[in-house]
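Here are some notes to help you find your way around this structure for the first time. Keep the viewer open and follow the points in order.

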Amino acid sequence: MTTASHLMRAIVLDRYGQPERVLRLAEIPRPAPGMREVEVRVAAVSLNSWDVDLVIGEALNRIAAPFRPQHRIVGSDVAGEVVAVGDGVTRHRVGDRVFGELTASGWGGFAEYVVAREDAVVALPAAVDDVTAAALPQAASMALQALGDRGTLDGRRVLIVGAGGGVGTFALQLATAAGAHVAVVDRAAKLDRLRELGATDCFEAGAIPAVADAFDRILDVVGALSSAEHRRLLAPHGQAVAIGGRPRRILSYALAGARKAERDGGRAVRLLAAVPNRDLPELAALVAAGSLRAIVDGPHPLEAVPHQMDRLRAGEVFGKVVIVP
């Protein structure tokens, strides 16, 4: 018999569909850590577009799980406290505060407790609160890796398409801190807040000026532009990095990345292959130093996950939605 102390609340998923129709709050058994795993009491967890894709069953996700969802509990970016450790764990101890991205460790973040590989979470500095920490793993890491060597950005012209989300708001701060002149594209309702974060030029979605050779670096967070449009906007030897988009657009970016940039004035278009968790200590240090902040929508309670997913999918969120179980 499962006792109350061995139960937890979680948002569970049994079939593909619209979040508010297929996600439900339930009490289920708490997970127990296995070999080289830790159990974390979730203090905060953030939403990503990947979570929404897993729930509705976007095309690429159905390749791995065509008939029913591969993960019953989604949610990847967590912060919390280690409450139990499995055999062989050497990186963490009970009581440690940790945070990390669980996409390679079974997901499971939309719950009161989650089990993960010990290398899927890293130590969380005391100066960083749980809500901020939960907003960092996927979005801030992608922003940092997409920008590349920030030492080369001083005085450069950067365009961020889809700048009002998690990746975009982090990238805007990182690029402006490095001395770049940053133009942004997003919905009209988000542009004033993007100016407050440091954007020098703001364009409403679908209204990017038709100026060739305008930017040294482009970050296309939402896959809004074609490879040809990227190349038109890039200055010679400029680079466009695509982070998201629909499957057909992602394929076009992959094919564009295979082309030799030398054929087009050194202009390069590539798809970001993000490395999870690698940069979390650096990002936490920037937050602790006051050089980077998370733009948080919320925090919201666990039962609000379905509605917040619908808001995220509709493009209504500015920054990162964070849930506190």
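Which elements do the buried residues of α10 pack against? Please keep in mind from the start that this is a predicted model.

1. **The surroundings of α10.** Helix α10 covers residues 280–288, and its buried residues are Leu 280, Leu 283, Ala 284, Leu 286 and Val 287. Around the helix axis these residues span an arc of only 160 degrees, so they sit on the same side of α10. To come back to the opening question, the buried residues pack against two strands, β5 (97–101) and β7 (122–123), and against the helices α4 (130–135), α5 and α6. Just after α10 you will come to Gly 290, where phi is positive at about 80 degrees.

2. **How α5 meets α10.** One of those partners deserves its own look. The axes of α5 and α10 come within 10 Å of each other and cross at roughly 95 degrees. Angles of 65 to 115 degrees count as roughly perpendicular, and α5 is therefore roughly perpendicular to α10. On the α5 side, the contact is made by Pro 137, Ala 140, Ser 141 and Leu 144, while α10 brings Leu 280, Glu 282 and Leu 283. By type, the residues of this contact are 5 nonpolar, 1 polar and 1 charged. Notice that Leu 280 and Leu 283 take part in this contact and also belong to the buried residues of α10.

3. **The parallel sheet.** Next, find the open sheet of 6 strands, whose order is β10-β9-β8-β11-β12-β13 and whose pairing is parallel. Which strands stand at its edges? They are β10 (201–204) and β13 (268–271); each has a single partner strand, so one side of each has no neighbour in the sheet. On average, neighbouring strands are turned by 15 degrees against each other, with direction ignored.

4. **A closer look at one edge.** Strand β9 (residues 181–186) pairs with β10 in the parallel sense, over 4 bridges. To locate this pairing on screen, start from Val 185, whose bridge partner in β10 is Phe 203.

5. **The other edge.** Leu 271 is a residue of strand β13. Is Leu 271 buried, exposed or partly exposed? Its relative accessibility is 30%, so Leu 271 counts as partly exposed. Leu 271 and Ala 240 are 31 residues apart in sequence, and their C-alpha atoms are 8.5 Å apart in space.

6. **Helices lying across the sheet.** Helix α5 (residues 137–147) lies across β11 (215–220), β12 and β13, and runs at about 155 degrees to β11. Helix α6 (residues 166–177) lies across β8 (157–161), β9 and β11, with an angle of about 165 degrees to β9. Both helices appeared in point 1, as α5 and α6 are among the elements that the buried residues of α10 pack against.

7. **Another helix pair.** Now turn to helix α2 (residues 49–56) and helix α11 (residues 305–313), which pack at an angle of about 105 degrees with their axes 10 Å apart. At that angle, α2 and α11 are roughly perpendicular to each other. Ser 49, Asp 51, Val 52, Val 55 and Ile 56 of α2 meet Met 309, Leu 312 and Arg 313 of α11. The residues of this contact divide into 5 nonpolar, 1 polar and 2 charged.

8. **Backbone details worth checking.** Gly 298 and Pro 299 are joined by a cis peptide bond, with omega about 5 degrees; Pro 299 belongs to strand β14 (residues 296–301). Arg 36 is not a glycine, yet its phi is positive at about 55 degrees; you will find Arg 36 in the loop between β2 (23–29) and β3 (37–46). His 237 is not a glycine either, and has a positive phi of about 70 degrees.

9. **Two histidines.** His 237 is located in strand β12 (residues 234–242). With a relative accessible area of 67%, His 237 is exposed. His 230, in helix α8 (residues 227–233), has a relative accessibility of 0% and so counts as buried. Between the C-alpha atoms of His 230 and Leu 172, which are 58 residues apart along the chain, the separation is 18 Å.

Technical notes
Residues are numbered from 1 along each chain as its sequence is written. This is a predicted model: local features need pLDDT of at least 70, side-chain atom pairs count only at pLDDT 80 or more; totals for chains, interfaces and linings use all residues. Side-chain values use heavy atoms; hydrogens and water are left out. Buried means under 20% relative accessible area, exposed over 50%, partly exposed in between (1.4 Å probe, protein chains only). Axes are lines fitted to C-alpha atoms, for helices over the stretch in contact, and angles run from 0 to 180 degrees between N-to-C directions. Angles under 35 degrees count as roughly parallel, over 145 as roughly antiparallel, 65 to 115 as roughly perpendicular and the rest as oblique. Contact means heavy atoms within 4.5 Å. Ala, Val, Leu, Ile, Met, Phe, Trp, Tyr, Cys and Pro count as nonpolar, Asp, Glu, Lys and Arg as charged, and the others, Gly among them, as polar. Two strands pair if DSSP finds at least two bridges between them. The arc is that of the directions from the helix axis to the C-beta atoms.
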